[in-house]
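Trainee: Got a minute? I'd like to go through the charged pairs in this one with you.

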Amino acid sequence: MSTPNLNADDDAIIGATRNWLERAVIGLNLCPFAKAVYVKEQVRYVVATATTPEQLLETLMDELQHLSDTDSAKIDTTLIIHPFVLGDFEDYNEFLDVADAALEDMQLDGELQVASFHPLYQFADTDINDISNYTNRAPYPILHLLREESIERAVAAFPQAEEIFEKNIETMQQLGHDGWDKLHVGPA
């Protein structure tokens, strides 16, 4: 991965992320729950200026608290976009354990959870170029903060939630690499 552009414009970073949400996540229906919060403008976008995992952890903890303290009608989910740190997927993946520990330390586990997206996302036992990995690929590394209660409501409305992953793999296989490239969703 290339060296991060520390002069990158927040609006451009958020724009690329919104484009990915619209075209890939919502457009391909990779997450059937995303459209409602997106349309209601209940998604908070935070561009982290962190250049170290320690700084990112501070941002993560601030945003976990902010989401917990805010009415879900105003902010239902938060995307922490961190283009300047954890560009290496293995480092990012290891940081997810730190994120989960922060949830526990803050006593927010059971209330919030962290989902993961990365430009080089790779599921275990897959080849780096396997199209299935693209279900979790985003233009920048992202920590997605979700409310447990929102997940429970969404699963109740979509009783076959456990089938989403398999459906997404089928969607990506039908789309293929050329189809993904035509979406122009990244990585940035």
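Mentor: Sure, let's talk about salt bridges and where their residues sit. Bear in mind this is a predicted model: local features need pLDDT of at least 70, side-chain atom pairs count only at pLDDT 80 or more, and totals for chains, interfaces and linings use all residues. Residues are numbered from 1 along each chain as its sequence is written, and side-chain values use heavy atoms, with hydrogens and water left out.

Trainee: How many salt bridges does a search of the whole structure find?

Mentor: It finds 3, where a salt bridge is a side-chain nitrogen of Lys or Arg within 4 Å of a carboxyl oxygen of Asp or Glu.

Trainee: Which side chain meets Arg-44 in a salt bridge?

Mentor: Glu-63, at 2.8 Å from N to O. Arg-44 is in strand E1 (residues 43–47) and Glu-63 in helix H3 (residues 53–69), so the pair ties together parts 19 residues apart in sequence. Those are DSSP runs numbered from the N terminus: helices (H or I) have at least four residues, strands (E) at least two.

Trainee: And is Glu-63 buried or exposed?

Mentor: Buried, with a relative accessible area of 8%; Arg-44 is partly exposed at 27%. Buried means under 20% relative accessible area, exposed over 50%, partly exposed in between (1.4 Å probe, protein chains only).

Trainee: New topic: which residues are linked in a network of salt bridges?

Mentor: Asp-76, Glu-149 and Arg-153. Arg-153 pairs with Asp-76 at 3.9 Å, and with Glu-149 at 4.0 Å.

Trainee: Where do Glu-149 and Arg-153 lie?

Mentor: Both are in helix H5, 4 residues apart, about one turn of the helix.
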